[in-house]
Amino acid sequence: MKFIDESVIEVHAGKGGDGKSSLPANLAVAMADLGLRVGLVDADVYGHSIPRMLGIRGRLAGEKAEDGRGKIAPQEVAVGAGRLRVVSMGLLVDDEDTALMWRGLILAKALEQFLVDVAWGDLDYLVIDMPPGTGDVQMGLARMLPRTDLLIVTTPAVSAQKV
């Protein structure tokens, strides 16, 4: 599947701990509840909380596409009138406490695989839960998806004002 940038929504935040992951999880669930075909990428590779928030257990698996190539099968969740397809590093590691120490090109390639090598099917929207800050993930996705819609989550806390 090729993504049309206008159908991709990235959710960003300057710092962690502000409840940012709640927004993409709830947005994706609400859109699926309306009957839309929604994909949700948990690109917060160091703080992958989407599977826990949605009650998804298990691992990502592989499947063979019509062209014979291997694809990653997203986890699917029935939501109201629709279905939500989810990929997350949290569905690849043994448990939630497993630390990932990926950087640079390895991290960029993993995120590219979440976009290109997943059997998404036809989607109306792809929602991406971004990690906090402005690091490798943000730069990599900016190159892959240069014209997406962004939602920025912030908090009025004094400790976050300079972030």
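## A walk across the sheet

Start by selecting residues 38–42, strand β2: five of its five residues are buried, so to speak a mostly covered strand. Keep in mind as you go that this is a predicted model.

**Look at both faces of β2.** Show the side chains here. Val38, Leu40 and Asp42 lie on one side, Gly39 and Val41 on the other, and all of them are buried. Both faces of the strand are thus marked as covered.

**Step to the neighbours.** Next, select residues 125–129, which form β7; this strand runs parallel to β2, and five bridges link the two. For a single pair to zoom in on, take Val41, whose bridge partner in β7 is Ile128. Then turn to β6, which is also joined to β2 by five bridges in the parallel sense. Here Gly39 has Arg85 as its bridge partner.

**Carry on to the edge.** Stay with β6, residues 82–88, and add β5: these two are antiparallel, again with five bridges. Arg85 turns up once more, as the bridge partner of Glu76.

**Zoom out to the sheet.** Which order do the six strands take? Reading across the open sheet gives β5-β6-β2-β7-β1-β8, and the pairing is mixed. At the edges sit β5 (75–79) and β8 (149–153), each paired on one side only. From one strand to the next, the twist averages 20°.

**Now colour the core.** The largest nonpolar core holds 34 residues, and Val41, Ala43, Leu84, Leu126, Ile128, Val137 and Leu141 have the most contacts inside it. Elements giving two or more residues to this core are α1 (22–33), β2, β6, α3 (104–116), β7 and α4 (136–144). Which of them gives the most? That is α3, with five residues.

**Pick Leu141.** Which residues does Leu141 touch, once neighbours within four places in sequence are set aside? Its contacts are Glu10, Ala43, Leu115, Ile128 and Met130.

**Finish with the whole chain.** Switch to a cartoon view and count four helices and eight strands. Along the sequence they follow the pattern β-α-β-α-β-β-β-β-α-β-α-β. Of the chain's 163 residues, 44% count as buried. Among contacts with a separation of 6 or more, 76% are between residues 24 or more positions apart. Finally, turn on the surface: the accessible area is about 8,900 Å², with 54% of it belonging to carbon and sulfur atoms.

Technical notes: Residues are numbered from 1 along each chain as its sequence is written. This is a predicted model: local features need pLDDT of at least 70, side-chain atom pairs count only at pLDDT 80 or more; totals for chains, interfaces and linings use all residues. Side-chain values use heavy atoms; hydrogens and water are left out. Two strands pair if DSSP finds at least two bridges between them. Axes are lines fitted to C-alpha atoms, for helices over the stretch in contact, and angles run from 0 to 180 degrees between N-to-C directions. Buried means under 20% relative accessible area, exposed over 50%, partly exposed in between (1.4 Å probe, protein chains only). A nonpolar core is a set of buried Ala, Val, Leu, Ile, Met, Phe, Trp, Tyr and Cys residues joined through side-chain atoms within 4.5 Å. Contact means heavy atoms within 4.5 Å. Accessible areas come from the Shrake-Rupley method with a 1.4 Å probe; for residues, only the protein chains shown count as cover.
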